[in-house]
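Colleague: Please take one part of this model and go through it closely. I would like the packing and the polar contacts, with the cut-offs.

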Amino acid sequence: KALVLARDLDRFYPDLRDPDFETEFVIFHQRFSTNTLPAWTRAQPFRTLCHNGEINTLQGNINGMRAREAALASPVWGETLADLRPIIDPSGSDSAMLDNVVEFLVRSGYDIRHALRMLIPEAWEKSPELDEAARGFYAYHQGLMEPWDGPAAILFTDGRFVGALLDRNGLRPLRVLRTVDGLLYCGSEIGALEVPPERILQLDRLGPGQMLAADLRTGRIQDPAALRAELSAQRPYAEWIRRHRVRLPETWKPPRPPEPESLLRRQLAFGYTAEELALILRPMARSGHEPIGSMGDDTPLGMLSGWPRPLYNFFKQRFAQVTNPPIDPLRETRVMSLTVLLGGRANLLMPDERAAHLIELPSPILTPAQLEALERLPDPAFRSARLPARWPIAEGPAGLRRALEDLCRAAERAIAEGCCLLILSDAEVDADHAPIPALLAVGVLHHHLIRTGLRTRASLIVASGEPREVHHFACLLGYGASAICPYLALETVAATAAREREGGRPETPEEAGRRYIQA
């Protein structure tokens, strides 16, 4: 991606032609710029790695590192840590930003293999091959760092270890070749290096989520299983998870179908339409799947519509324009996870046993009963606070702005009082107060807490009547929410099921609610 052709590299760097120039390893990356103009600043390798693919979770990863910066502390850096902020150079490419974080972690004391395994974990939750120690390693680091998800094929080095890594999907190839005389080759394809067949000891490839490393000091090559075992044995991660991870009991209490007039009034307050009830919520509650529409959708974009539209509709056009194959349903169940963690996060540079003390939810979608259970937890480490997300209609836009400022101040006070579960609730809307759009409330509070250095001390939970489509939940999670209780959508599908049950349909309100959450 730099301003030089690969065939001219040795003419550009004369030391590559010098017979006295020797090295134990070489990392070489040749790539044509497909979606960016060539530039020296985009040349790879960087300080620690070269990367083929895309980091498709990039915006969340950048915000996550910015949020952690205020809580970082380390004897390695002392007072000079402030000089390193921001950790990520926002002008770089996705590969350069990943390199920024890896270099920071390595210079702060992490083994480069440990750092990359924390940043890019394999799909561990449903893997039958992993033992308890490995599961403990991944579960513990899940609470320290969100994954930098690819597709990503990565070669890395810190000067001692040279290695290769594939992300959990494995959508980029990495071939491995070993020779009888001690050469280890790893690259996107076999053939870039001409090796006579009689020299070849092993031909292999890295699978999804696997890591390979060579120790230049000892000459030892670690395969994925050996690497996993070494990293998992560094600390008693599995024991820490057993001792500290909190899981809510499996309880299901369907909401009592409300009075039809009360339900209709609140549906109108949150902008529900008859089309949404018939074409989105009802199919979700019946089938457990997101409804599929045709390509002939002529609904105008939010900013061009003459009709009031939910804020989510203004976020339809952001997508990664890449050439990756779609994830098939069989692979999706293995590599994707809906698990979320709630609670304050530990210092990334000095994690200890207490970093495992978090609430684990199997899904970010909460029922009202689960939300009540969260609020009743006796553990003082998980104190919660309800923050009202509504504004006085009579005051107009100025009233909405003031309500958002009040929400931010209320969150700061709650965190100062030791609360780490902030519940943004719009349940108290009435004729004089409208709900703050949930996406606006989450986004404003998320970035306010990042700016004030408080973001890692609390999780944001949305208890709102507004979200009802899959896209709504995806937006809320993408912009800072950790969990969502869609109380009005659940009441709506329960009421619909109760009404249709009287007409002879077999689904109970409880079954409808479960299928809606599954969808």
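Modeller: What follows is a close look at helix 5 and its surroundings.

This is a predicted model, where local features need pLDDT of at least 70, side-chain atom pairs count only at pLDDT 80 or more, and totals for chains, interfaces and linings use all residues. Numbering starts from 1 along each chain as its sequence is written, and side-chain values use heavy atoms, without hydrogens and water.

Start with helix 6. Helix 5 covers residues 132–142 and helix 6 covers residues 224–232 (helices are DSSP runs of H or I, at least four residues, numbered from the N terminus). Their axes come within 9 Å and cross at roughly 65 degrees (axes are lines fitted to C-alpha atoms over the stretch in contact, with angles from 0 to 180 degrees between N-to-C directions). Helix 5 is therefore roughly perpendicular to helix 6 (65 to 115 degrees; under 35 is roughly parallel, over 145 roughly antiparallel, the rest oblique). The crossing is left-handed (the near helix is turned anticlockwise from the far one by less than a right angle). Helix 5 supplies Ala 133, Ala 134 and Phe 137. Helix 6 answers with Arg 228, Leu 231 and Ser 232 (contact means heavy atoms within 4.5 Å). By class, that contact has four nonpolar, one polar and one charged residues (Ala, Val, Leu, Ile, Met, Phe, Trp, Tyr, Cys and Pro are nonpolar, Asp, Glu, Lys and Arg charged, the others, Gly among them, polar).

Now helix 7, residues 237–244. Its axis and that of helix 5 come within 7 Å. They cross at roughly 65 degrees. Helix 5 passes helix 7 in a left-handed crossing. From helix 5 come Glu 132, Ala 133, Gly 136, Phe 137, Ala 139, Tyr 140 and His 141. They meet Tyr 237, Ala 238, Trp 240, Ile 241 and Arg 242 in helix 7. Eight of these residues are nonpolar, two polar and two charged.

His 114 ties into these residues. It lies in helix 4, residues 112–119. With a relative accessible area of 8%, His 114 is buried (under 20%; exposed is over 50%, partly exposed in between, with a 1.4 Å probe and protein chains only). Leaving out residues up to four places away in sequence, His 114 touches Phe 137, His 141, Leu 231, Gln 234 and Tyr 237. Its side chain makes a polar contact of 2.8 Å with the side chain of His 141 (N or O atoms within 3.5 Å, within protein one able to donate a hydrogen and the other to accept it; residues adjacent in sequence count only if both atoms are side-chain atoms). Another polar contact, at 3.1 Å, joins the side chains of His 114 and Gln 234.

Methods: Helix = DSSP H or I, 4+ residues; strand = E, 2+ residues; numbered from the N terminus.
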